[in-house]
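Thanks for making time this morning; I would like to walk you through one model, taking the cysteines, then one acidic residue, then one helix.

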Amino acid sequence: MNILVIGDVVSSKGCEFLRGVLPPFKKLKGIDLCIANGENSAVGNGITPFSAQYLFDSGVDFLTTGNHVYRRREFYEMLDERDDIIRPANFFKGNPGKGYAEIDLGFAKAGVINLAGTVYMDRCDNPFLTVDEILPKLSGCKIILVDFHAEATAEKRAMGFYLDGRVSAVFGTHTHVMTNDAVILPNGTAYITDIGMTGPKNSVLGVKPEISIEWLKTGMPARFDTAEGECMLNGCIFEIDNKTGKALSAEPVIIE
């Protein structure tokens, strides 16, 4: 099967661009399942019921999130109620939402796990120990995908090798910059350090460059307004063997 994973969708600009390009691209590539990270999809940061539903209505089948998932309180109820939206599993117990889910596609079952890194990130439980606890609960899924929302390249690479042969794919999110290292690891797991973002091309992680520069130069508070201009969609297509759960290929995606 062909699984498309899409990098962090940024604000209304990213949402609108995704809606315009995703449906025909899914048809062209024969995509069976589309997963997007939506934690930045709301205007002004975070994710809201409106931005989440907008992505679903645009052709996304499943949403992962990250460290900004709790920015908007109006999203908590949707996060608790929906089975097609998850947040990092290693956030503290009792937090709204769930960290993994099963997707029944009819011809196959897929498990999706969301994890957050601990290096330069908000406090959370150990992602390596957390994923060890979750995997037995997804024993009915041959296909398992992991969105590792983390800052440090080394932590992401370590997770890839840690899960090699135990899951179908590990893809990094959070840094909004696509890395050029899509690969099939020795034991059959597809891996890429970061799948980038969906939003304005001429930006600093989706933000107007001049605002980011001023903030970095002065350290003074700034309103991170979304950049204008042309957009792009970043992601990766994983071809997975339905019977074995092993990855057959990993194809980076850049749509401009």
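How many disulfides does the structure hold? Zero, where a disulfide is a pair of cysteine sulfur atoms within 2.5 Å. For Cys15, the reason is that its sulfur lies 10 Å from the closest cysteine sulfur, that of Cys231, which is too far for a bond. Cys15 is buried, at a relative accessible area of 4%, where buried means under 20% and exposed over 50%, with partly exposed in between, using a 1.4 Å probe and protein chains only.

Before going on, I should say that this is a predicted model, in which local features need pLDDT of at least 70 and side-chain atom pairs count only at pLDDT 80 or more, while totals for chains, interfaces and linings use all residues. Residues are numbered from 1 along each chain as its sequence is written, and side-chain values use heavy atoms, with hydrogens and water left out.

Turning to the acidic residue, Glu39 sits in the loop between strand S3 (33-37) and helix H2 (49-57), helices being DSSP runs of H or I with at least four residues and strands runs of E with at least two, numbered from the N terminus. A polar atom of the Glu39 side chain lies 3.0 Å from the backbone nitrogen of Asn67.

Finally, helix H4 (residues 127-134) has Pro127, Thr130, Val131 and Ile134 as its buried residues. Seen down the helix axis, these fall within an arc of 95°, taken over the directions from the axis to the C-beta atoms, so they line one face of H4. On the other side, Leu129 and Glu133 are exposed.

Methods. Polar contact = N/O pair within 3.5 Å; in protein donor to acceptor, adjacent residues only side chain to side chain.
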